[in-house]
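Here is my note on the model you asked me to look over, set out as numbered points. Please keep the structure open beside the text as you read.

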Amino acid sequence: MFGLGLGLVFGELLASPLLSFLSNNHLFLVENMPKGRKKVQEQEVEEEKEEPVEEIEDTGEEGGEKGTVVTATVSGYPVIDVEEIEGVGRVTAQKLREAGYNTARDVAFASVKELAEILGSEDRAKQIIAAAQKLIGLTPFITAYELYEKRRGIRRISTGVKSLDELLGGGIETKAITELVGEFGSGKTQLCHQLSVMVQLPEDKGGLKAKALYVDTENTFRPERIMQMAKYRGLDPQEALKNILYARAYNSDHQMMIIEESKKIIEKENIGLIVIDSLVAHFRSEYPGRENLAERQQKLNHHIAQLLRIADIYNVAVVVTNQVVAQPDVFFGNPLKPAGGNVIAHGATYRVWLRKGKENVRIAKIFDSPYHPEREVTFRITEEGVVD
């Protein structure tokens, strides 16, 4: 009698929704259990062995089945799903994807600290980063000739102004940060607008046949100006607007979050140019005074490193504008200097100073570059855009 009653109760339990609920929410329980038990449980869920990665030709499709490699045609690094990394199972892969690490390439270039915050262990973060680097073929050392060959893959966006292109050695480089410095009205924003149009042109006309991501921190982006410039360059004005992804940044944290989120769409949307106009505006307003200087510079340094990494990994051009500050103690020469101090000075690859000339003439001077000589050129701002 007792056995029969126990059997009926057990049968009802199996038929009840409670067991189904517990099964379906197993991962929820794992995520909320103490760290020690959670680590053991997660290791049980993850796969111990990964299937060998089989190389196939690029089909042009986004992603593919597990165990496949799709070669990136732009960045030069293979695009491999994050779950293909040795030691990364389903649960860990989901955590990485939620944090914006979708491919082995993203993980390979991440810092240990960043991944440790996601995984909860620095040792595990080191192991996964090393495995990801090995998977994409990232080696500690290469010869200068190999670097030269890799740099041949760098692309350039024409500014639409012959004199400026000559100044920059052919245009705005990918895999680099180009900084435009100057007072208000010197043409920084106008150049950013024009570059957002020029990047859409075919390569034989100075573009990359790609889209632009425009991060506006000072509310100075004007679609109407884009339409004027696009029409002059032979593009459909409305299509040109559709090829510019716009983001309004309301504070420094929001600005950095936008750039971090951009990793998820750069290849999907074929982004060739990232513009931030202006880079330091929010940082200056949120961290005033000497007492906040150290914190501001540390945060700004992290932002610059973030931009450099994205430029290098995804082979995109990054253009930022920068404000100027006055030096009251300077009596001879230019009393102005770029805002942001040494952090931006060391972080920017190419630095171009813009200043006003007579009437609508502007003067551009490259004053910091790894290989360009210092020189000046002039250009004009007209209704059609920035021209010689």
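1. In this predicted model, Gly187 is in contact with Leu354, Arg362 and Ile381, once its neighbours within four places in sequence are left aside. Gly187 itself is found in the loop between β6 and α11, and with a relative accessibility of 6% it counts as buried, because buried means under 20% relative accessible area.

2. Gly185 also has its place in the loop between β6 (176-182) and α11 (188-198), but Gly185 is partly exposed, its relative accessible area being 42%. If neighbours within four places in sequence are again left out, the contacts of Gly185 are Lys356 and Arg362.

3. An unreviewed UniProt entry lists a "binding site" whose residues include Gly185 and Gly187, and among the others in that record are Gly182, Lys188 and Thr189.

4. Turning to the interior, the largest nonpolar core has 51 residues, and those with the most contacts inside it are Ile85, Val107, Leu115, Ile274 and Leu279. Helix α16 (residues 293-314) supplies the largest share of this core, namely 7 residues. Since domain 1 (73-136) and domain 2 (151-387) both give residues to this core, the core lies between them.

5. Leu115 is a useful residue to look at here: apart from its neighbours within four places in sequence, Leu115 is in contact with Leu96, Tyr101, Val107, Ala110, Ala125, Ile128 and Ile129. A second core, separate from this one, has 36 residues, including Val161, Ile172, Leu195 and Leu208.

Key:
Residues numbered from 1 in each chain as written. Predicted model: local features only at pLDDT ≥ 70, side-chain atom pairs only at ≥ 80, totals over all residues. Heavy atoms only, no water. Core = buried A, V, L, I, M, F, W, Y, C linked by side-chain atoms within 4.5 Å. Buried < 20%, exposed > 50% of the residue type's maximum accessible area, 1.4 Å probe, protein only. Helix = DSSP H or I, 4+ residues; strand = E, 2+ residues; numbered from the N terminus. Domains from an automatic or database assignment. Contact = heavy atoms within 4.5 Å. UniProt positions renumbered as here; feature names shortened; annotations may be inferred.
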